[in-house]
Every structure is written in C-alpha cells, then in structure tokens.
Amino acid sequence: MEKLSIDNLMRRPEMGAFLGMVFVAVFFTIFGGVLFLSPNGIASWLNVAANLGIIAVPIGFLMIAGELDISIGAMVPASSMCIAIVSGYYGLPIAVGIIATLAFGALVGLINGLMVIRTAVPSLIVTMGTLFAIAGLMLFLSIVLTKTTSLSMMSPAWAKTIFGSYIGSGFQVMIVWWLVLMALYFFFLHLSPWGNWVFALGGDRISARNAGIPTSKLTVGLFILSSLSAAFVGMCQTIMYSSAQVSTGQSFIFNTIISVVVGGVLLTGGFGSVIGIFFGTITFAIVNQGIFYTGFDRNLSSLIIGVMLLIAVLMNNTFRHMALNHTTRKKGAK
C-alpha cells in the first residue's frame, strides 16, 4: 500500500482541481474582502455550485465513458415548464407534477442513449439534435396548451421545504441534495464495480465489451442519469421561485463542461474523479460569482473569468501529468 505523504498527495488527480479552487478563492478573498466571505457571499457561490454540481457529476460520468450530453441545456428549462404546466396551469397535485417531470427526464435520457448505441452517431451530434428538439417542442406545447411562455406555480409547504427552501443566510436546500448525491456518486464511481465499468468504457469500448461489461446498458443508464439530473434541477428551480418560463438554458451546457474539465476529467475519456469534479464546480462558482464582490469594472468580468479558469485548468493539467508520469514510472520499475 502506498504511503500517505505530501509527495503522493501532490500526484493525486484531484490535487490540481483542489489547488485551482484554493487559488481562485484566495484571489477573490483578497479583492472581494469581507463581503465575499460573508454568509451571503458564501451562499451566493455555494448555491450556484449546488445547482450546477448536481448536473456536472453525471456529465462527468459520460465524459469519462467517452460520451457527451449537451441536451441538458434544454432539459433544465423544459423540466421547469413541465411541472409548471402540470401542477401550475392544470392544477394537478404537486406529486403528479414531480413524477411527470422526472419521467420526462428519464424518457429523454433513454432516447439519447438508445440513439447513440443503435446509430453509432457521436453523442455530441445526437444530443445536439435533442437539444433543439426539446426546446422547440416545449415552446410549441407551451403556446398550444397555455397560450403563454411564462407560468407561475404555488407549491405546498412540504414540497417547498424539501425542494425549494432556504437554510440560514440564503443557503438553498439544493446544497444538501448536492452533498448527498456527491456521496452516492463517489460510491458509484470509486467504490463499486460499476465505476470500473465506466472507466473501462472510456478507455476502450470494444475491450470492455469483450470483457463482459454491458456497455450498451451502461451507456443508456448514464444518459438517463444525466437527463434525470437536469430535470431534477429544473423542477427544483420552479418550486423555489414559483415560476417558470421557456428559455434556452444553454449556459448549463458550457458551465457544466467547464466545471468537469476544471475538475480534471479528460475530454477523450477514461480519466477523472468525483472529488475533482466537486472542486471544479466550486472553482467555477467562485469565479462566476466572485467578480461581483470586487471593485473590478464589470465590463472586464468575462476576461477575468476566462483567465481565472484557464489558470485553474493549467494547474490541473500539470498535476494530472505528474500523476500519470508517476504511475508510468512505478510500472516500469516492476
């Protein structure tokens, strides 16, 4: 068993993501001051991280497996409208709206997965098609069924408490969901045999299939998890804000991919960790929200965000290469 030491810790694949998170946190602490470290300031970026992180880890699973799902950009607003139409416009019980919304997410994920494995079309192209299809379908149904693209919905107290309440100084209950799901995801990827299957799928799909891994079922399952996570976030946002509207939601596409890449997951597949994605999500959230607590010109916000994220990614790549080189040297020494 490898001894725990600073040298070994520095070679961990999560270390680059962790140091990137520390770097941006220190940067915005220096330039943001007391406001950035206040409870409201911490809540601002933790809330962003929670909503983003619930989707980012399933997207990370897909990327580790060599796939990608960009249809989440339409799934979040579509799911928001789905529960608003079912339980807001038509007045059905909120439980019915929740079930219908999650079923809608699972169905879209099933369609994505089946199309990828049966057509051999790259998942980027397949999910790009479903992205526009879902956005167009939801816009059409909203106009036909409700004659509007914006709806309000009042949720019962129990649903508000579980899915859309605030804890303390502006901390959303979504943070609790995020942490619980992170623990489950960590067990799935790093402690269960299914996690090894995901890594094998991203390393070499043919070899994984020959080894007896159910690659098709696993691929479909990962796409279902991705769409289901996006549907869950969209549903919670409607319950929290008591309203929903048809929109593109394309920021989720780029934000989740950035968080996953900053977290150390390779775009080529076969490499990554849940802890790394966790740190990457927090890094992105801090950079995204921290600019508002500094004295910098808001016109420079995109430039600062881009530079900060680029530095974080470069740090992460450096430590990833250290980890890979260390592993290679160990194998050569045997």
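Good morning. I begin with Ile 64, which is buried, with a relative accessible area of 0%. This residue sits in helix α3. Across from Ile 64 in space is Leu 267: their C-alpha atoms are separated by 7.7 Å, although the two residues are 203 apart along the chain. I should say at once that what we are looking at is a predicted model.

Let me stay with contacts between remote parts of the sequence. How many salt bridges does a search of the whole structure find? The search returns one. Its partners are Glu 67 and Arg 205, whose closest N and O atoms are 2.7 Å apart. The pair joins distant parts of the chain, with Glu 67 in the loop between α3 (39–64) and α4 (72–89) and Arg 205 in helix α10 (residues 205–210), a separation of 138 residues. The two partners may also be described by their accessibility. Glu 67 has a relative accessibility of 12% and therefore counts as buried, the limit being under 20%. Arg 205, at 25%, counts as partly exposed.

I turn next to helix α2, which covers residues 15–37. How far apart are its end C-alpha atoms? They are only 23 Å apart for 23 residues, whereas a straight helix would reach 33 Å at 1.5 Å a residue. There is a kink of about 95° in α2, and Phe 31 is at its centre. Several residues of α2 are buried, among them Met 15, Gly 20, Phe 27, Phe 28, Gly 32 and Phe 36.

Helix α12 may be set beside this. With 12 residues, α12 reaches 16 Å from its first C-alpha to its last, close to the 16 Å expected at 1.5 Å a residue. Its buried residues include Phe 252, Ile 253, Ile 257 and Val 260. Just after α12, Gly 264 takes a positive phi of about 100°.

Helix α12 also brings us to the second largest pocket, since α3, α11 (215–241), α12 (251–262) and α13 (274–290) each supply at least two residues of its lining. The volume of this pocket is about 280 Å³. Which residues lie nearest its centre? Of the 13 residues in the lining, these are Val 48, Asn 51, Leu 52, Gln 237 and Phe 252. Helix α3 gives the most to the lining, with four residues. By class, the lining holds five nonpolar and eight polar residues, and no charged ones.

Finally, some remarks on backbone geometry. Most residues other than glycine have a negative phi. Two residues here call for a comment in that respect. Lys 147 is not a glycine, yet its phi is positive, near 60°. Lys 147 lies in the loop between α6 (123–146) and β1 (150–152). Ser 242, also not a glycine, has a positive phi of about 60°. Ser 242 is found in the loop between α11 and β4 (243–245). Is each of them buried or exposed? Lys 147 has a relative accessibility of 66% and so counts as exposed, whereas Ser 242, at 18%, counts as buried.

To close, I would draw attention again to two places in the model: the salt bridge between Glu 67 and Arg 205, and the kink in α2 centred on Phe 31. Thank you.

Methods:
Residues numbered from 1 in each chain as written. Predicted model: local features only at pLDDT ≥ 70, side-chain atom pairs only at ≥ 80, totals over all residues. Heavy atoms only, no water. Salt bridge = Lys/Arg side-chain N within 4 Å of Asp/Glu carboxyl O. Buried < 20%, exposed > 50% of the residue type's maximum accessible area, 1.4 Å probe, protein only. 1 Å grid on protein atoms, 1.4 Å probe; cavity = no way out; pocket = protein on both sides within 12 Å on 5 of 7 lines; lining within 4 Å. Points joined across faces, edges and corners; volume = space filled by probe spheres on them. Nonpolar A, V, L, I, M, F, W, Y, C, P; charged D, E, K, R; others polar. Expected span 1.5 Å × (residues − 1). Bend = angle between axes of the 7 residues up to and from the residue.
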